[in-house]
Amino acid sequence: MSVVVAVKPSARKRNAKVGRLVFEDGPRHSFESRAAAERWAADLSTGDGHVWVASAHPRDGDDVDCYLVSRATNAKLEAAYDKRRRRLRGDAGGEQESLGGES
């Protein structure tokens, strides 16, 4: 049994190794099993953005079994948004304090 995995743009954007792999070898890769594809994704995630293998929807028009995907986010921007949201809600943890201990 062969498992065909297509790389989604989110994985290329989040993980530099994936982007290089697509550039050098193309966006589709075949593996002997789903487990082998998942090991490949885990190896790609080491030291870079997290990627994983997700099953393709049965009605998906592409001729693939799975996709290599990631959540393309900017954690620093999300953290800033969360801090601002807490401050607007009035949570005490949103206030800044001086290093000297006195406000």
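Me: Contact means heavy atoms within 4.5 Å. By that rule, which residues does Arg-12 touch, leaving aside its neighbours within four places in sequence?

Reply: Val-7, Val-18, Gly-19 and Val-22. A caveat before we go on: this is a predicted model, where local features need pLDDT of at least 70, side-chain atom pairs count only at pLDDT 80 or more, and totals for chains, interfaces and linings use all residues. Residues are numbered from 1 along each chain as its sequence is written, and side-chain values use heavy atoms, with hydrogens and water left out.

Me: What does pLDDT say about the protein chain and its elements?

Reply: pLDDT is the predictor's confidence in each residue, from 0 to 100. The chain averages 82, and 70% of the residues score at least 70. Among the elements, strand E2 (residues 28-31) has the highest mean, 97, and helix H4 (residues 75-89) the lowest, 61. Where pLDDT is low, the predicted coordinates should not be read in detail.

Me: What makes a stretch a helix or a strand here, and in what order do the elements run?

Reply: They're DSSP runs, numbered from the N terminus: H or I for helices (at least four residues), E for strands (at least two). That gives four helices and four strands, in the order β-α-α-β-α-β-β-α from the N terminus on. Arg-12, for one, is found in helix H1 (residues 9-14).

Me: Is Arg-12 buried, exposed or something else, and how do you know?

Reply: Buried means under 20% relative accessible area and exposed over 50%, with partly exposed in between (1.4 Å probe, protein chains only). Arg-12 has 35%, so it's partly exposed. Thr-46, in the loop between H3 and strand E3 (52-55), has 54% and therefore counts as exposed. Gly-26 goes the other way: its place is in the loop between H2 and E2, and at 17% it's buried. Over the 103 residues of the chain, 29% count as buried.

Me: What makes a group of residues a nonpolar core, and how many residues does the largest one have?

Reply: The members must be buried Ala, Val, Leu, Ile, Met, Phe, Trp, Tyr or Cys, joined through side-chain atoms within 4.5 Å. The largest core has 17 residues, and those with the most contacts inside it are Val-5, Val-7, Val-18, Trp-40, Leu-44, Val-51 and Leu-68. Strand E1 (3-7), helix H2 (16-25), helix H3 (34-45) and strand E4 (66-69) each give two or more residues; H3 gives the most, with five. A second, separate core of five residues includes Ala-6, Ala-56, Tyr-67 and Val-69. In soluble globular proteins, nonpolar side chains tend to be buried together.

Me: Which residues touch Val-7, leaving aside its neighbours within four places in sequence?

Reply: Arg-12, Val-18, Val-22, Pro-27, His-29, Trp-40 and Leu-68. Strand E1 also holds Val-4, whose C-alpha is 4.4 Å from that of Ser-30 although the two are 26 residues apart in sequence. Val-4's contacts beyond four places in sequence include His-29, Ser-30 and Asp-63.

Me: Why is the Phe-31 and Trp-40 pair called tilted?

Reply: Rings of Phe, Tyr and Trp (its six-membered ring) pair if their centres lie within 6.5 Å; planes under 30 degrees apart are stacked, over 60 edge-to-face, and the rest tilted. These two rings are 4.8 Å apart centre to centre with 45° between the planes, so tilted is the label left. A search of the whole structure finds one such pair. Both partners are buried, with Phe-31 at 15% and Trp-40 at 15%.

Me: How do you know that the charged end of Lys-8 sits over the ring of Tyr-67?

Reply: The rule wants NZ of Lys or CZ of Arg within 6 Å of the ring centre and within 35 degrees of the ring normal. Lys-8 is counted as over the ring of Tyr-67, 4.3 Å from its centre.

Me: And what makes Glu-38 and Arg-34 a salt bridge?

Reply: A side-chain nitrogen of Lys or Arg has to be within 4 Å of a carboxyl oxygen of Asp or Glu. Here N to O is 2.9 Å, so the pair qualifies. The count comes to one salt bridge. Both residues lie in helix H3, four residues apart, about one turn of the helix. Glu-38 at 38% is partly exposed, and so is Arg-34 at 29%.
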